[in-house]
Amino acid sequence: MTSESYDFVVVSNRLPVDYEPDASGGAAWKPSPGGLVTALQPVMRAADGVWIGWAGKAGLDLEPLVADGMHLVPVPLSADEVELYYEGFSNDTLWPLYHDVIAQPRYHRVWWDSYVQVNRRFADAAAAAAAPDATVWVQDYQLQLVPGMLRERRPDLTIGFFNHIPFPPYGIYSQLPWRTQIVEGLLGADVIGFQRTADAGNFQRAVRRLLGYQTRQTEIHVPGDPPRTVIAKAYPISIDSASYEELARRDDIQARAREIRADLGNPKTIMLGVDRLDYTKGIGHRLKAFGELLEEGRVAVEDVVLVQVASPSRERVETYRQLRDEIELTVGRINGDHSTIGHQAINYLHHGYPRDEMVALYLAADVMLVTALRDGMNLVAKEYVASRHDDDGVLVLSEFAGAADELRNALLINPHDIDGLKSSIVQAVRMSTTERRRRMRALRRRVLERDVALWSSTFLGELEASRRR
Ligand code: F6P
């Protein structure tokens, strides 16, 4: 554990880099997956703080390190804890529960016990790294008990919490056997941030129903000695928009985009999906819609290709294994039914790619399909928009992604309505240049103005103000 102390501490389940032992017995660090890291990395690079998190492999006990200009403190997890706390309680209980029970959440007491134990370890690590009166910013659903645990140990700290995923309506949340403990854990924070106003409202309702505390607008009155006021409010997360635009303007990346188009046979329309391979992302709904459009002859395989990047995720959780089988079966069927020797209907890529390659793909894609059944924000939608400095491209966006609250000029769709989704895909493919530009310009104004720097400064500004309350 670190002996240094810092005025600013970020705590998240994962560090921004995963530890990858190489064949020669040495060590390498690889960027870790997901929107949380994408958003927080620029914030941490700009701050002289420390990031506390897991290095992505079981049984590692690593020393603090500096990587990419950031101070990192790895928190160890045993193989059992990866299974019970991470794969179990975090990703087989909370994840499906918080995403509107798209998959059935499983409730196991041993998973909960491990969640408590691991949250305590993260809280201890944060308490050890935080200087007197420091600011600690805890991230996401894996660590909801940490704010309460930290407040008990270190009442001098100012504590923020940000939930990157949705917070469900009370009718769903109330299934959780440990619903009261989680709410109490979160209320250890001074400011609790959510992606959407609806999420903050859902949380406040849970507080009223479970604890009977009074709430007024964004304030929650927590009785005690002394009583405290906790803020629960929406702070929609974003990306480092300028850096995406900068990459997209680079000659080599534009050349790579042209190369991708040529490799795909220079079709009239390239459609793109980019997701972690997760059942919340509506990949199956997207494939169904595309398959039916090909079947009905409303799009032709010679004209339209779908590139689907599905990066591997949580592969030891059974629901994710089943999803992979389902998706790959569907891709195989659609390709078998519709591809020709010269034209493949779906180009399916089960890999993660570096940011340069992603930006080239965004530039190459005429239509971006984001069809999530439920998503906290969906930063891929914002990355696509930020990359389109040419004011071209069409974003088809699920109204169930947090991003839909902001990106009103996208073609908004309900992914459960397959006919509606098909019509929107056809509309996107046929959209006039004038309309594409009008919509993309409006989207870009929003994404470039409201970037991740604004998100973090707004949240941290509110946290700072809470010191004076
Ligand atoms: O943003 C949601 C989130 O679960 C992050 O907390 C996480 O880092 C990312 O998605 C990727 O998931 P995982 O860490 O389980 O691979």
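## Lining of the second largest pocket

Sorted by class, the lining of the second largest pocket comes out as seven charged, four nonpolar and three polar residues. Here Ala, Val, Leu, Ile, Met, Phe, Trp, Tyr, Cys and Pro count as nonpolar, Asp, Glu, Lys and Arg as charged, and the others, Gly among them, as polar. The model is predicted, with pLDDT of at least 70 needed for local features and 80 or more for side-chain atom pairs, while totals for chains, interfaces and linings use all residues. Numbering runs from 1 along each chain as its sequence is written, and side-chain values use heavy atoms, leaving out hydrogens and water.

The space in this pocket is about 320 Å³. Of its 14 lining residues, Arg151, Asp190, Arg228, Ser466 and Arg469 sit closest to the centre. Strand S12 (228-234) and helix H16 (452-467) are the elements that each give two or more residues to the lining.

## Around the ligand

Now for the ligand: 14 residues surround it, and Arg14, Tyr86, Asp140, Tyr141 and Arg314 come nearest (near means a heavy atom within 4 Å). Helix H2 (residues 79-98) gives the most to this shell, with three residues. By class, the shell holds six nonpolar, four polar and four charged residues.

## Polar side-chain contacts

Ligand oxygen atoms have some polar partners. A polar side-chain atom of Asp140 is 2.5 Å from one ligand oxygen, a side-chain N or O of Arg314 is 2.8 Å from a ligand oxygen, and for Gln142 the distance is 3.2 Å. The protein buries 94% of the 370 Å² that the ligand exposes when taken alone (Shrake-Rupley areas, 1.4 Å probe).

Technical notes
1 Å grid on protein atoms, 1.4 Å probe; cavity = no way out; pocket = protein on both sides within 12 Å on 5 of 7 lines; lining within 4 Å. Points joined across faces, edges and corners; volume = space filled by probe spheres on them. Helix = DSSP H or I, 4+ residues; strand = E, 2+ residues; numbered from the N terminus. Polar contact = N/O pair within 3.5 Å; in protein donor to acceptor, adjacent residues only side chain to side chain.
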